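Please open the structure in a viewer in which chains and residue ranges can be selected separately. The tour below proceeds by selection, with a description at each stop.

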Amino acid sequence: MDGLRELYEEIILDHNRNPRNFNKKQDDTNHSAHGHNPLCGDEFTLHLTIEDNTITDIGFEGTGCAISTASTSMMTEILIGKSTQEANVIFQNIHQLLTDEDDLEVDQSVLGKLTILSGVKEFPMRVKCATLGWHIMQAAMNNKQSTISTE
Amino acid sequence: MNSNLALKTNDNIETKYFDVQQVRKDFPALDQRVYDIPLVYLDNAATTQKPQCVIDLISHFYAHSNSNVHRGVHKLSERATNSYEGVRTKLKTFINAKQDNEIIFVRSATEAINLVASSYGKKYIKEGDEIIISQMEHHANIVPWQILCRQSGAILKVIPINHAGELKIEEFDKLLSPKTKLVAITHISNALGTINPIKEIIEKSHANNTPVLIDGAQASPHTQIDVQQLDCDFYTFSSHKMYGPSGVGILYGKEAILEDMPPYQGGGDMILQVTFEETQYNKLPYKFEAGTPNIEGVIGLGGAIDYLNKIGLENIKNYEHDLLTYATDALLDQKDIKIIGTAKNKTAVISFQVEGIHPHDMGTILDKQGVAIRAGHHCAMPTMRFFQVPATTRASFSFYNTLDDADRLIDAIIHAKEIFK
């Protein structure tokens, strides 16, 4: 009726209730980064294991709203097993999907079920929630140890 | 779902103190639809809507009297100056100050606190001194003191709160010492709604020879303030939270203290004579009002004070208290809602959490149903940390809100729960 069901799709609610790769024990991570959205208090830390340019493991911890939690959870699922180059392509596509007026350039095949996140576009105040985890992932891949912020 | 039907039917509170429906007609912004649904505005602790009389005063000023204050010899400047200074007198009466020159116009309540921290602080706060604030302060009553402490070597002490969100006064008693050189405390918490026992705090501080600043940003629209009866040394508040325009804050200070304080900013209006060697500062209150002020904002605030006086702060307080009771009962009927801030003595601010729904998601879902609330940390991160929550959803009521507004809030929350089921 009001875009709310499109924003809070079942798959997003599911990832919010049961975030994947969340608070899991990881032994050999070699890239990590922390990020927050000071406006609403969302904050996550990501830990990546990158071997020979391939992301072999990701885990995350922290707190956030349903959108930031689900987006980060879905991100970890899709990125495990991908090369860092592939991860960058996915990041660029998701960024375009969430922020561009017309997302003609978006390669849907790269995104798969992540396209569900496009419902966020109707809610400009929430785009930062959906992109938070992705920005932290970028920072971690580049091995920036500093804290990133979506503000 | 109307849990407190008595309030709604037997004893119609919406006409008991004043006619709320009539009052609503004075606020054009309330009469609109968002997403094609009538707006329910419950973000009054962030800012209040403006009555038509305030809006009219601002446009009338620009259409008829626009000119600078305190300097022109011409008719328009005389008119502007009289209107501007007239509001100072109104404010003096509104908070029962002794005289006009104890009312300083600044640009926000935040700036009023910064003025005291910067001017009073520089002169009187030294290394090893202590400043007492509380766990429930807005960042505006934390950060200026932190900066001062860093510059001076003074130490910030914090009065803890209990799980209802009330000050632990016995801890305050322990913190007070000969080292305490200032106490800065909020009158009413913006995040919790708690009304603090400021009279008691002021008495105890004075017995310890410590001056007190009261942050009244959340108090001035809801309760009668009498600075002489309170005997506070400073009282700060804000126009836009009391139905006036934004961009105007008020610092009340006792004349003798203000006289002894150095200027805050230099510039026009705050001087008597300037040479390159020396400047002679103007008398109070102008010593603290450098630069052209927000003239139309101050004049608009005058209209807001007249409006508040017309309804009567006692009526406002009583009505809002009934609204608080009604909305709190209705919220608690929803089993999975937890209210953060349950002080015995509180204003109509309700911070809450619904199990399994993050406040930011709640904010979006309520907004789509036309209900405007605040979701976040309310510029009170240490308070949130105490309650171990990153954020809350906050509904804050005004005298123009109705029982139906509270019902709409509950309905919207129920819808959110359905989505998140």
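Two residues are taken to be in contact if their C-beta atoms, placed from the backbone, lie within 7 Å. The model on display is predicted.

**Stop 1: the seven-stranded sheet of chain B**

Select helix 6 (residues 109-124) of chain B, which lies across strand 4, strand 7, strand 8, strand 9 (234-238) and strand 10 (249-253) of chain B. Relative to strand 10 of chain B, helix 6 of chain B runs at about 40°. Now display the sheet itself: seven strands of chain B form an open sheet with mixed pairing, in the order 4-10-9-8-7-5-6. At its edges are strand 4 (103-106) and strand 6 (155-159) of chain B, each of which pairs on one side only. On average, and with direction ignored, neighbouring strands of this sheet are turned by 20° against each other.

Within this sheet, select strand 7 (residues 180-186) and strand 8 (residues 212-215) of chain B; they run parallel and are joined by four bridges. For a specific pair, label B:Val183, which stands opposite B:Val212 in strand 8 of chain B.

Next, add helix 7 (residues 143-152) of chain B, which lies across strand 5 (130-134), strand 6 and strand 7 of chain B. Its direction is at about 145° to strand 6 of chain B.

**Stop 2: a helix pair in chain B**

Select helix 4 (residues 52-65) and helix 12 (residues 295-311) of chain B. Their axes are 8 Å apart, and the helices pack at an angle of about 150°. Because of this angle, helix 4 of chain B is roughly antiparallel to helix 12 of chain B. The crossing of helix 4 of chain B and helix 12 of chain B is right-handed.

To view the contact, show side chains on both helices. Helix 4 of chain B contributes B:Cys53, B:Val54, B:Leu57, B:Ile58, B:Phe61 and B:Tyr62. From helix 12 of chain B come B:Glu296, B:Ile299, B:Gly300, B:Gly302, B:Gly303, B:Ala304 and B:Tyr307. By class, the residues of this contact of helix 4 with helix 12 of chain B are nine nonpolar, three polar and one charged.

**Stop 3: the four-stranded sheet of chain B**

Move to the open sheet that four strands of chain B form in the order 13-14-17-16, with antiparallel pairing. Strand 13 (337-340) and strand 16 of chain B stand at the edges with a single partner strand each, so one side of each is left without a neighbour in the sheet. Neighbouring strands here are turned by 35° against each other on average, direction ignored.

Select strand 16 together with strand 17 (residues 392-396) of chain B: three bridges join these antiparallel strands. Here B:Arg374 stands opposite B:Arg394 in strand 17 of chain B.

Then select helix 14 of chain B, which lies across strand 14 (349-354), strand 16 and strand 17 of chain B. Helix 14 of chain B runs at about 160° to strand 16 of chain B.

**Stop 4: from helix 14 to its helix partner**

Keep helix 14 of chain B selected and add helix 16 (residues 403-419) of chain B; the two pack at an angle of about 120°, with their axes 9 Å apart. These two helices of chain B, helix 14 and helix 16, are therefore oblique to each other, and their crossing is right-handed. Label B:Met362, B:Ile365 and B:Leu366 of helix 14 of chain B, which make the contact with B:Ala412, B:His415, B:Ala416 and B:Ile419 of helix 16 of chain B. Of the residues in this contact of helix 14 with helix 16 of chain B, six are nonpolar, one is polar and none is charged.

**Stop 5: where the chains meet**

How many residues of chain B are in contact with chain A? There are 14 of them, in contact with 15 residues of chain A. Helix 14 (359-368) and strand 16 (374-376) of chain B each supply at least two residues of the side that touches chain A. Helix 14 of chain B gives the largest share of that side, five residues. The side of chain B that touches chain A has seven nonpolar, five polar and two charged residues.

**Stop 6: chain A**

Colour chain A by pLDDT: the average is 89, and 93% of the residues score at least 70. Confidence in chain A is highest in helix 3 (residues 66-79), at a mean of 96, and lowest in strand 4 (residues 147-149), at 64. Where pLDDT is low, the predicted coordinates should not be read in detail.

Finally, select helix 4 (residues 84-99) and helix 6 (residues 127-141) of chain A, which pack at an angle of about 160° with their axes 11 Å apart. That angle makes helix 4 of chain A roughly antiparallel to helix 6 of chain A. Helix 4 of chain A passes helix 6 of chain A in a left-handed crossing.

Definitions and conventions:
Residues numbered from 1 in each chain as written. Chains lettered and ligands numbered in written order. Predicted model: local features only at pLDDT ≥ 70, side-chain atom pairs only at ≥ 80, totals over all residues. Nonpolar A, V, L, I, M, F, W, Y, C, P; charged D, E, K, R; others polar. pLDDT = per-residue confidence, 0-100. Axes fitted to C-alpha atoms, helices over the stretch in contact; angles between N-to-C directions. Parallel < 35°, antiparallel > 145°, perpendicular 65-115°, else oblique. Left-handed = near helix turned anticlockwise from the far one by under 90°. Pairing = 2+ DSSP bridges.
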